[in-house]
Number of protein chains: 2
Amino acid sequence: MLLNHIRNYYPLSEEAQATLYDCFEQVILNKNDYLLHEGKICRHLYFLEKGALRGYYILDGKEITHWFGFEQDFVTSFHSFITQAPAVENIQLLEGSILWAISKEKLSRLFNQYHEIERLVRIAYEKYYIRLEERFVNAQFKSATERYEGLLQTRPYILERIPLGHIASYLGISQETLSRIRSRL
Amino acid sequence: MLLNHIRNYYPLSEEAQATLYDCFEQVILNKNDYLLHEGKICRHLYFLEKGALRGYYILDGKEITHWFGFEQDFVTSFHSFITQAPAVENIQLLEGSILWAISKEKLSRLFNQYHEIERLVRIAYEKYYIRLEERFVNAQFKSATERYEGLLQTRPYILERIPLGHIASYLGISQETLSRIRSRL
DNA sequence: ATGCTCTTTTGACATTAGTCAAAAACAGGA
DNA sequence: TCCTGTTTTTGACTAATGTCAAAAGAGCAT
């Protein structure tokens, strides 16, 4: 699954593909388990083979879910993973999941070994950056209703798999407001 | 200036530094000139030696300024530069400025030539990503007043150089609201 | 100083979204 | 089926922010 994903989406030589694949280790976790707790340093990047999870942090005593991960996503606490500083967020499983983990050290070694793997990650960052830019624009300049409609169009499956409370906080609105938006449509 | 900046902030071999530097060309523009118009493809990355500019797009007939660039920033329309699709945003000079431009083709050639330059850009993306993540969290989960106070603390110079209307839209609030927040503090 | 333009502030009112509390709907286990 | 805990919806009220219009202030050329 992971190997297929790499093969299909990333233009790597056979050798680099195999070496990359060998660096991942399988992790299996249950619903409500934590992949990362606030305050810990996130030392791994994960590929999510099956399942769902969320990143959230606490603001004014409330949980703010700021991203979800699903099948075929690479996930981590980017801030902590990049800086190796303690995480401000928690990563929690929303469903029982199968993941594949690679440590930051292994990844760095791969960068030295294969220019093409570092390129791949550079390009992956470009894509992540663009997506985050879109979300940023949505967050700051679109109304709650528009954000909800956008989510409906681009990732409707989220609405079926995730409790409304998490989705409301992901959209940056209260659960009551989300409920009212839905009843209006 | 550009060369110094590269020397000071990026760990490159002398050879790579020199080659990189040679790929930039100076651009001088006046206040209110445009570096990029909506609909055009952005083919260059710029280093801003002196001056100030903003990226904005039109939403519901209004200009939305979503970023500013100042001295020593690398700027471009990231979305268009990365995807080579027509830009949705405009980049406009807020002051007469001195810039240095490098084309996407030249940069790609440098990536092939020097692994270390591609690494540098990969790392730069990590930094940009983290900053954008912070702005995103601010936009979605902080109040207008908190966003203004944050700007005051982290980049007070913006407030002296940029008209309030642009700043309000950068903060995602109306100019009137910004004016009222300021009078309260 | 005068007039012109652009920027910033103020006022009155409308709209959006948040909060708190309670009711309704749903889901899973005994 | 009934109970229990969780999720979702509804109601009443409040707070934050937006909109439109007008006034005040600043900068600059004449």
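**Two chains and a DNA strand**

By class, the surface near DNA strand D has four nonpolar, eight polar and six charged residues. Here Ala, Val, Leu, Ile, Met, Phe, Trp, Tyr, Cys and Pro count as nonpolar, Asp, Glu, Lys and Arg as charged, and the others, Gly among them, as polar; a residue is near the strand if one of its heavy atoms lies within 4 Å of it.

Before we go on, a word on conventions. This is a predicted model, in which local features need pLDDT of at least 70 and side-chain atom pairs count only at pLDDT 80 or more, while totals for chains, interfaces and linings use all residues. Residues are numbered from 1 along each chain as its sequence is written, chains are lettered from A and ligands numbered from 1 in the order in which they are written, and side-chain values use heavy atoms, with hydrogens and water left out.

Let us stay with the DNA. Of the 18 residues around strand D, those that come nearest are A:Leu164, A:Arg180, B:Ala144, B:Glu176 and B:Thr177. On the DNA side, 48% of the strand D atoms within 4 Å of the protein belong to sugar or phosphate, and the rest to bases. Backbone atoms of the protein take part too: a polar backbone atom of A:Leu164 is 2.7 Å from a phosphate oxygen of strand D, and a backbone N or O atom of B:Ala144 lies 3.0 Å from a phosphate oxygen of that strand. For B:Ser174, the corresponding distance from a backbone N or O atom to a phosphate oxygen is 3.1 Å. The elements giving two or more residues to this surface are helices H8 (164-171) and H9 (175-184) of chain A, together with helix H9 (175-184) of chain B. H9(A) supplies the largest share, six residues. Helices here are DSSP runs (H or I, at least four residues), as are strands (E, at least two), numbered from the N terminus.

Now turn to where the protein chains meet. In chain B, 37 residues are in contact (heavy atoms within 4.5 Å) with 37 residues of chain A. Together the chains bury about 3600 Å², 67% of it on carbon and sulfur atoms; buried area is the accessible area (1.4 Å probe) that two parts lose on being put together, summed over both. B:Tyr129, B:Phe136 and B:Phe141 supply 19% of the area that chain B buries against chain A, more than any other three residues.

There are also four salt bridges between the chains, each a side-chain nitrogen of Lys or Arg within 4 Å of a carboxyl oxygen of Asp or Glu. One of them joins A:Arg122 to B:Glu118, with the closest N and O atoms 2.8 Å apart.

Definitions and conventions: A polar contact is a pair of N or O atoms within 3.5 Å; within protein, one must be able to donate a hydrogen and the other to accept it, and residues adjacent in sequence count only if both atoms are side-chain atoms.
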